[in-house]
Amino acid sequence: MEKLEQLINNQVKDWSLDQKFYKDKEIFDLEIEKIYMNSWLLAGHQSQIPNTGDYFLFNLLSESVIIIRGKDGGIRAFMNVCRHRGSHVCLEIKGNVKRLTCPYHAWTYNLEGALVAAKYLSNNIDKDNLGLHSCSIDVIEGLIMINFSDNPISIAMMKQELSEPMQMFGMKDLKIAAHRNYSIEANWKLTVENYNECYHCAPAHPEYAKSHSLKYDESSKEYQSAQKLMIDALAKCGMKNYEISADYEDQIESQEQYAYGRYALFGKYITGSEDGKALAPLIGEITEYNPGASDFTLGPVSFLLAYSDHVVAYVFTPVTHQTSQCDVYWMVDKDAKEGKDYDLERLIWLWDVTTKADERIIANNQKGVNSRKYTSGPFSEKESTEKNFISWYLNHLRETL
Ligand code: FES
Ligand SMILES: [Fe+2]
């Protein structure tokens, strides 16, 4: 695509993207192929399918994946496409099955994806070659990651480096207490850009800014002094300090990108709650509430935010070139009981109110970007991760030319 090459070359470094990147359908289609169909995406948590035959669907644009627990306890992913004439096999978003039977002509697959029944099919046809197509899958400390590519980029380094901090938060032993899906009237990149900068946190998120030090620049006195207090308290909370940066521009060659970092909460706040008080029982190896929030990056569009008593997961996916969705999951210790150990409304308050505000500001961003008068603008110093995301994106797209 010659005009795309020109667009990429005309892009001024550290300035926002040209309008065409947010409006052009052809560029959008290319992004889906090159980014979404080739990146690891957070699909869910193993606790969603505890028993043999439990499954849920992960749907993205034209693709649908069945994530299912087999007889051997293993978790597998199959494309939701019948090998007869292509119908979706599973229609319900989640459930429990003994076998997977296609609703059209009743071809039946076992939990390992093999075709076990197909009435009136000639004996000459080899059923062994007609199992459900598998989808690449990996489970990291209970988190289910999938990749639509048959030859996916390696996730080994992410697994190796993030498993310790994930164990600290007991990721394997969490359960999903709540899941919300937010529709955002904007191109997917505006949603990821917004997640990757906290320049907007002070003006747009008064609830978040009250408790989270990231509203300040990392070089500021306010940030640094809160950070020191939080880090000094880590050991007595049974926690360790990690700094892991292998995302966007720091991505390791032929490895999926990932990162980990922790920043402080202010004063009386021991978790991301409205009143500063605990929201749920401590998770993982944590022995005392630590006033901080840990950011995990899992590939380009999936993120975790981990407090001492709960973890919030974020996944951004496109719907059309100008609409997206954001799935947010709130996870707590698997043994915590709703109503006794945690109150659902209190638990989800901060990130529900914050995501609803994001939904508005990102949609307003897209509205202005669509104007004939929009031109790209300079990033501030407080938008360094967003800057890195944009550079990564442009380089990634360039490689596909
Ligand atoms: S399309 Fe599935 S059985 Fe015919
Ligand atoms: Fe935000």
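At what angle do the axes of helix α5 (residues 188-195) and helix α9 (residues 344-369) cross? In this predicted model, they cross at roughly 125° and come within 10 Å of each other. That angle makes α5 oblique to α9, because an angle counts as oblique when it lies outside the ranges under 35, 65 to 115 and over 145 degrees. The crossing of α5 past α9 is right-handed.

Now look at the side chains on each helix. From α5, the residues that meet α9 are Leu190, Thr191 and Asn194. From α9, the partners are Asp358, Ile362, Asn365 and Gln366. By character, this contact divides into two nonpolar residues, four polar and one charged.

Step back to the domains. The domain assignment gives domain 1 as 41-138 and domain 2 as 156-399. Their C-alpha centres lie 33 Å apart. Seven residues of domain 1 and 13 residues of domain 2 take part in the contact between them. On the domain 1 side, strand β1 (residues 41-45) gives the largest share, with three residues. That side holds four nonpolar residues, three polar and no charged.

Strand β1 also leads into a sheet. Three strands make up this open sheet, in the order β1-β10-β9, and their pairing is antiparallel. β1 and β9 (136-140) are the edge strands, and each pairs on one side only. From one strand to the next, the twist averages 30°. Follow the pairing of β9 with strand β10 (residues 143-147): the two are antiparallel and share five bridges. To find one of these pairs, start at Ile137; its bridge partner in β10 is Ile146.

A further sheet is worth tracing. It is open, has three strands in the order β6-β7-β8, and pairs in the antiparallel sense. The edges are β6 (100-101) and β8 (115-117). Each of these has a single partner strand, so one side of each is left without a neighbour in the sheet. β6 and strand β7 (residues 108-109) run antiparallel and are joined by two bridges. Here Thr101 has Thr108 in β7 as its bridge partner.

Technical notes. Residues numbered from 1 in each chain as written. Chains lettered and ligands numbered in written order. Predicted model: local features only at pLDDT ≥ 70, side-chain atom pairs only at ≥ 80, totals over all residues. Domains from an automatic or database assignment. Contact = placed C-beta atoms within 7 Å. Helix = DSSP H or I, 4+ residues; strand = E, 2+ residues; numbered from the N terminus. Nonpolar A, V, L, I, M, F, W, Y, C, P; charged D, E, K, R; others polar. Pairing = 2+ DSSP bridges. Axes fitted to C-alpha atoms, helices over the stretch in contact; angles between N-to-C directions. Left-handed = near helix turned anticlockwise from the far one by under 90°.
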